Amino acid sequence: MDATTAPHHIPPEMPQYGETYHVFELMQNLLEQLLIHQPKDPIPFMISHLQQDNDNVPKIVILGPPASGKTTIAMWLCKHLSSNLLTVENLIAREFSSLAAVARKHYQKMRKLSSTLLVKLIQERLKEEDCVRRGWILDGIPETREQALMIQTLGITPRHVIVLSAPDTVLIERNLGKRIDPQTGEIYHTTFDWPSESDVQNRLLVPGGVSELETARGLLEYHRNIVRILPAYPQILKVINADQPCVDVFYQALTYVQTNHRSNAPFTPRVLLCGPLGSGKSLQAALLAQKYGLVNVPDSIIMKVLSRRLSQQDCVQKGWVLHGFPKDLDQAHLLNSLGYPPNRVFFLNVPFDSVIERLTLRRVDPVTGERYHLMYKPPATMEIQARLLQNPKDTEEQVRVKMDLFYRNSVELEEFYKRAITVNADQDPYTVFEYIESGIINPLPKKVP
């Protein structure tokens with residue numbers, strides 16, 4: 001049974017997640033509070049808020065082809081978990097967001113959102129208190145591999161990913177039988193869920209986008225994208241057969257999201273990722289944190305807060321991955337002196353010319369916010385290309401200055417971390433991740449005297 005044609009009752013109430021705060025989703029808000037309230041001693045103020053976290057709220061992604069019922073399953077999960085449903089529609093419908101207003105205009109004109117704009121909307125929404133306190137469920141997002149990578153790079157990592165699956169013939173049949181009540185918005189189905197009231201029957205309409213040709217096109221696009229999205233979520237993915245009663249699908253999904261994943265790392269990893277700007281450190285940190293349950297520690301935290309953060313129970317038990325720090329030999333000595341020596345250090349090696357190519361050819365569309373790369377992701381039209389802008393930080397002069405500073409410091413860091421592993425980062429991100437993972441799960445090589 002299709003979720004959109006499921007019975008109109010909601011399954012009985014189930015246990016809810018605890019209401020908690022996530023540390024780094026609150027970091028920006030906390031810093032803003034520091035500036036507004038100006039406590040006498042800001043560090044204890046910040047730490048007291050950081051310690052409220054036990055990271056136990058729902059963070060769920062539900063994916064599936066057209067007519068698989070993902071929206072209904074997502075809505076039922078939201079009700080039972082007292083969580084927040086995030087869809088493209090409700091993200092752009094938010095009244096008090098200037099970003100949403102821009103997105104609405106873009107959506108009305110293009111009938112879809114750029115990946116950059118969609119991810120910005122998600123990032124803005126997840127910072128709000130209800131999402132921090134009660135968690136979130138992304139319905140049908142990410143839609144592409146690009147969106148998955150952008151979301152991960154921002155440190156947005158789901159705890160559970162559900163993919164609904166059913167034969168295309170079943171999905172096409174489901175869509176063909178859909179009918180909508182223009183007065184109530186209620187969805188019915190000619191086979192599974194036909195209304196008994198004759199007046200309701202008479203006013204039902206065929207919704208747009210459900211013809212056999214349109215459904216087949218949607219399925220083709222979905223299948224093309226999903227095979228490239230799934231590698232982004234190893235170890236937290238569950239495929240559920242959607243060709244069964246919707247209530248059965250729901251209870252399988254509910255059972256899965258109420259399980260806690262344990263780290264499959266062979267020891268407690270304390271990982272440093274070193275590399276120049278443009279080498280992909282942030283993305284690799286997000287991938288490691290997601291797969292092994294590590295705590296992803298940003299490089300923007302001051303040392304005193306970082307020290308207290310690394311001493312908290314989740315970092316001690318799960319391990320951590322630190323990227324962008326230490327930047328020089330003095331910081332490396334300081335990290336060790338505080339009692340936090342890493343047990344795995346990776347240097348992400350990218351040729352200078354590749355970094356220049358990656359960064360200096362980046363552009364942004366000031367109208368839509370969409371990000372482009374003149375070589376890897378050029379704009380579709382000359383009109384868009386003509387209005388693209390370059391971030392001043394991406395000029396070749398600025399990149400060369402930062403690269404020169406990194407290489408001068410990296411020589412001393414490589415000497416300090418004698419057992420570091422060098423990884424060729426000038427290739428596909430998931431290939432890079434496989435090399436890093438092999439360096440974590442395998443013993444460090446012993447040097448032959």
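**Close-up 1. Trp76, Phe250 and Tyr251 come together as one aromatic cluster.** This is a predicted model, and a search of the whole structure finds four aromatic pairs in it. One of them joins Trp76 and Phe250: the ring centres are 5.5 Å apart and the planes stand at 80 degrees, over the 60 degrees needed, so the pair is edge-to-face. What does this pair link? Trp76 belongs to helix H3 (residues 70-81) and Phe250 to helix H12 (residues 246-257), so to speak distant parts of the chain, 174 residues apart. Both rings are tucked away: Trp76 is buried with a relative accessible area of 5%, and Phe250 is buried with 0%.

**Close-up 2. Phe416 and Tyr417 form an edge-to-face pair.** Here the ring centres lie 4.9 Å apart, with the planes at 80 degrees. Are the two partners buried or exposed? Phe416 is partly exposed, at a relative accessible area of 25%, whereas Tyr417 has 8% relative accessibility and counts as buried, because the cut-off is under 20%.

**Close-up 3. Lys377 sits over the face of Tyr372.** For this charge and ring, the distance to look for is 5.5 Å, taken from the ring centre of Tyr372.

**Close-up 4. Thr116 of helix H6 meets the backbone of Arg371.** Helix H6 covers residues 115-126, and Thr116 lies within it. How far does the Thr116 side chain stand from the backbone nitrogen of Arg371? The side chain reaches that nitrogen at 3.0 Å. Leaving aside neighbours within four places in sequence, Thr116 is in contact with Met150, Gly369, Glu370 and Arg371. With a relative accessibility of 2%, Thr116 counts as buried.

**Close-up 5. Five strands make up an open sheet with parallel pairing.** Reading across the sheet, the order is E2-E3-E1-E4-E7. Which strands are at the edges? They are strand E2 (84-86) and strand E7 (237-241), each of which pairs on one side only. On average, neighbouring strands of this sheet are turned by 20 degrees against each other, direction ignored.

**Close-up 6. Strands E1 and E4 pair in the parallel sense.** Strand E1 spans residues 59-63 and strand E4 spans residues 160-165, and four bridges hold the pairing. To find your place in this view, start from Ile60, which stands opposite His160 in E4.

Terms used. Residues numbered from 1 in each chain as written. Predicted model: local features only at pLDDT ≥ 70, side-chain atom pairs only at ≥ 80, totals over all residues. Heavy atoms only, no water. Helix = DSSP H or I, 4+ residues; strand = E, 2+ residues; numbered from the N terminus. Buried < 20%, exposed > 50% of the residue type's maximum accessible area, 1.4 Å probe, protein only. Polar contact = N/O pair within 3.5 Å; in protein donor to acceptor, adjacent residues only side chain to side chain. Contact = heavy atoms within 4.5 Å. Phe/Tyr/Trp six-rings, centres within 6.5 Å; stacked < 30°, edge-to-face > 60°. Lys NZ or Arg CZ within 6 Å of the ring centre and 35° of its normal. Pairing = 2+ DSSP bridges. Axes fitted to C-alpha atoms, helices over the stretch in contact; angles between N-to-C directions.
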